[in-house]
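Here is a short tour of one protein chain, written for someone who would rather look at the model than at a table. Keep the structure open as you read.

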Amino acid sequence: MTDQPEGVPCPAPVIFSMIGGKWKLSILQILIFLGTKRFGELQRELDGITQTMLTKQLRALEDDGLVERKVFAEVPPRVEYSATEDALALKTMFETMHQWWVDRRETKSVEKVVYLQQ
């Protein structure tokens, strides 16, 4: 990590509260990589999430400026959720985490093969 100027708190706790938890990163991943989704589409993508929890997480992400909610004046009403520009800026983080996972699995596979050959 980079050095923090004296007196400036580390932003990690704030960032963790914005994107942490069981569902927020998964919701963001879907909206960043798959694009705009309706509520039901998101719920189907997130195995095990309840309607109440998805609503709560979407509202929190919206409050933090990471998700945009668009309501269409139709009957029945249609609501779509999209990643904001701030959320789209996290795409590199997701790609970096994915690469870390791939590299880690490759390293662990090599270590396991070397161990088994001994």
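The report below starts with the overall layout and then moves through helix packing, a few single residues and the salt bridges.

## The overall layout

Before anything else: this is a predicted model. The protein chain has six helices and three strands. Reading from the N terminus, the elements go α-α-β-α-α-β-β-α-α.

The chain has 118 residues, and 25% of them count as buried. Take the contacts in the chain with a separation of 6 or more: 49% of them come from residues 24 or more positions apart.

## Helix 2 and its two partners

Helix 2 covers residues 24-34, and a good place to begin is its buried side. Lys 24, Ile 27, Leu 28, Ile 30, Leu 31 and Ile 32 are the buried residues there. An α-helix has 3.6 residues a turn, so residues three or four places apart point the same way. Once helix 2 is done, along comes Gly 35, with a positive phi near 90°.

Now for the partners. Two packed helices are described by the angle between their axes and the distance between the axes. Helix 1 (residues 12-19) crosses helix 2 at roughly 70°, and the two axes come within 8 Å. An angle from 65 to 115 degrees counts as roughly perpendicular, and helix 1 and helix 2 are therefore roughly perpendicular to each other. On the helix 1 side, the residues involved are Ser 17, Met 18 and Ile 19, and they meet Lys 24, Leu 25 and Leu 28 of helix 2. Sorted by class, that contact has four nonpolar residues, one polar and one charged.

Helix 4 (residues 51-63) packs against helix 2 too, at an angle of about 70° and with the axes 10 Å apart. These two helices are therefore also roughly perpendicular to each other. Here Lys 24, Ile 27 and Leu 28 of helix 2 meet Leu 54, Gln 57, Leu 58, Ala 60 and Leu 61 of helix 4. By class, this contact comes to six nonpolar residues, one polar and one charged. If you want residues to click on, try Lys 24 and Leu 28: they meet helix 1, and they meet helix 4 as well.

## Gln 29 and Thr 55

Which residues does Gln 29 touch, leaving out those up to four places away in sequence? They are Leu 34 and Phe 94. Gln 29 sits in helix 2 and is partly exposed, with a relative accessible area of 40%. Lys 91 is 62 residues away from Gln 29 in sequence, yet their C-alpha atoms are 8.0 Å apart.

Over in helix 4 there is Thr 55. At 24% relative accessibility, Thr 55 counts as partly exposed, because the buried class is kept for values under 20%. Its C-alpha atom is 8.5 Å from that of Phe 39, and the two residues are 16 apart along the chain.

## Around the end of strand 3

Is Ser 82 buried or exposed? It counts as buried, at 16% relative accessibility. Ser 82 belongs to strand 3 (residues 78-83), and its side chain makes a polar contact of 2.7 Å with the side chain of Thr 36. Leaving out residues up to four places away in sequence, Ser 82 touches Leu 31, Thr 36, Leu 66, Val 67 and Glu 68.

Thr 84 is in the loop between strand 3 and helix 5 (85-88). It is buried as well, at 18% relative accessibility. With the same sequence cut-off, Thr 84 touches Gly 65, Leu 66, Val 67 and Glu 68. So if you are looking at Leu 66, Val 67 and Glu 68, you will find them touching Ser 82 and also Thr 84, where a touch means heavy atoms within 4.5 Å.

## Salt bridges

How many salt bridges are there? The count comes to two. In one, the side chains of Arg 78 and Glu 74 meet at 2.9 Å, N to O. In the other, the side chain of Arg 78 meets that of Glu 80, again at 2.9 Å, N to O. Shared partners join Glu 74, Arg 78 and Glu 80 into one network. Glu 74 counts as partly exposed, at 36% relative accessibility.

Technical notes
Residues numbered from 1 in each chain as written. Predicted model: local features only at pLDDT ≥ 70, side-chain atom pairs only at ≥ 80, totals over all residues. Heavy atoms only, no water. Axes fitted to C-alpha atoms, helices over the stretch in contact; angles between N-to-C directions. Helix = DSSP H or I, 4+ residues; strand = E, 2+ residues; numbered from the N terminus. Parallel < 35°, antiparallel > 145°, perpendicular 65-115°, else oblique. Nonpolar A, V, L, I, M, F, W, Y, C, P; charged D, E, K, R; others polar. Buried < 20%, exposed > 50% of the residue type's maximum accessible area, 1.4 Å probe, protein only. Polar contact = N/O pair within 3.5 Å; in protein donor to acceptor, adjacent residues only side chain to side chain. Salt bridge = Lys/Arg side-chain N within 4 Å of Asp/Glu carboxyl O.
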